[in-house]
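Me: Please take a close look at one part of this model, the start of the chain, and tell me how it sits with the rest. Keep it informal, but walk me through it in one go.

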Amino acid sequence: MLPVTSAIAVLPHLDSLALVCPGLSTASVAPLTALTRLTCLAISSADFDDLCCSRLVRSLTCLRQLSLRNNRE
């Protein structure tokens, strides 16, 4: 899943993102911190912990909507 999130991370003007990713792990979430213009993020069926989620959300300073569903950790 890391190649996909790394490819997404180079889209700096992206403002909304929805991911349904059973393979989305802590390591593959890290590149998404570059998406500082995101206002809406939805992630479901991922496998990362609360600390990873916290780091991601803190980096997304424009985020207004967050949806986390069916995540395992």
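Reply: Sure. Buried residues make up 32% of the 73 residues in the chain, and since this is a predicted model, everything below describes that prediction. Before the close-up, some background.

The chain has three helices and three strands. Reading from the N terminus, these elements run α-β-α-β-α-β, so by that DSSP-based numbering the opening element is a helix, α1. The C-alpha trace spans about 30 × 25 × 20 Å along its principal axes. As for the radius of gyration, a compact globule with 73 residues would come out near 11 Å, and the chain agrees because its own value is 11 Å.

Now for the part you asked about. Helix α1 covers residues 2-9, with T5 inside it. Is T5 buried or exposed? T5 counts as buried because its relative accessibility is 1%, and the cut-off for buried is under 20%. Which residues does T5 touch once its neighbours within four places in sequence are left aside? They are L24, S28, P31 and L32.

A7 is also in helix α1, but the label there is another one: at 43% relative accessibility, A7 counts as partly exposed. That label fits because partly exposed lies between the 20% and 50% limits. P31, one of the contacts of T5, turns up again here. A7 and P31 are 24 residues apart in sequence, while their C-alpha atoms are 8.7 Å apart in space.

That pairing leads to the chain-wide contacts. Taking contacts between residues at least 6 apart in sequence, 59% join residues at least 24 apart.

L24, which T5 touches, also links this helix to the core. The largest nonpolar core has 18 residues, and L17, L24, L41 and F48 are the ones that touch the most other members. At least two residues of this core come from each of β1 (16-20), β2 (40-44) and α3 (50-59). The largest share, three residues, is supplied by α3. As a broader point, nonpolar side chains in soluble globular proteins tend to be buried together.

Last, the outside. The accessible surface of the chain comes to about 4300 Å², and 56% of it belongs to carbon and sulfur atoms. There are 6 positive and 5 negative charges, and their mean positions are 8 Å apart.

Back to your helix, then: α1 holds T5, which is buried, and A7, which is partly exposed, and T5 is in contact with L24, one of the core residues that touch the most other members.

Note on methods: Residues are numbered from 1 along each chain as its sequence is written. This is a predicted model: local features need pLDDT of at least 70, side-chain atom pairs count only at pLDDT 80 or more; totals for chains, interfaces and linings use all residues. Side-chain values use heavy atoms; hydrogens and water are left out. Helices (H or I, at least four residues) and strands (E, at least two) are DSSP runs, numbered from the N terminus. The radius of gyration is taken over C-alpha atoms; the globule rule is 2.2 Å times the number of residues to the power 0.38. Buried means under 20% relative accessible area, exposed over 50%, partly exposed in between (1.4 Å probe, protein chains only). Contact means heavy atoms within 4.5 Å. Accessible areas come from the Shrake-Rupley method with a 1.4 Å probe; for residues, only the protein chains shown count as cover. Lys and Arg count as positive and Asp and Glu as negative; His and the chain ends are not counted. The place of a charge is taken as NZ of Lys, CZ of Arg, CG of Asp or CD of Glu. A nonpolar core is a set of buried Ala, Val, Leu, Ile, Met, Phe, Trp, Tyr and Cys residues joined through side-chain atoms within 4.5 Å.
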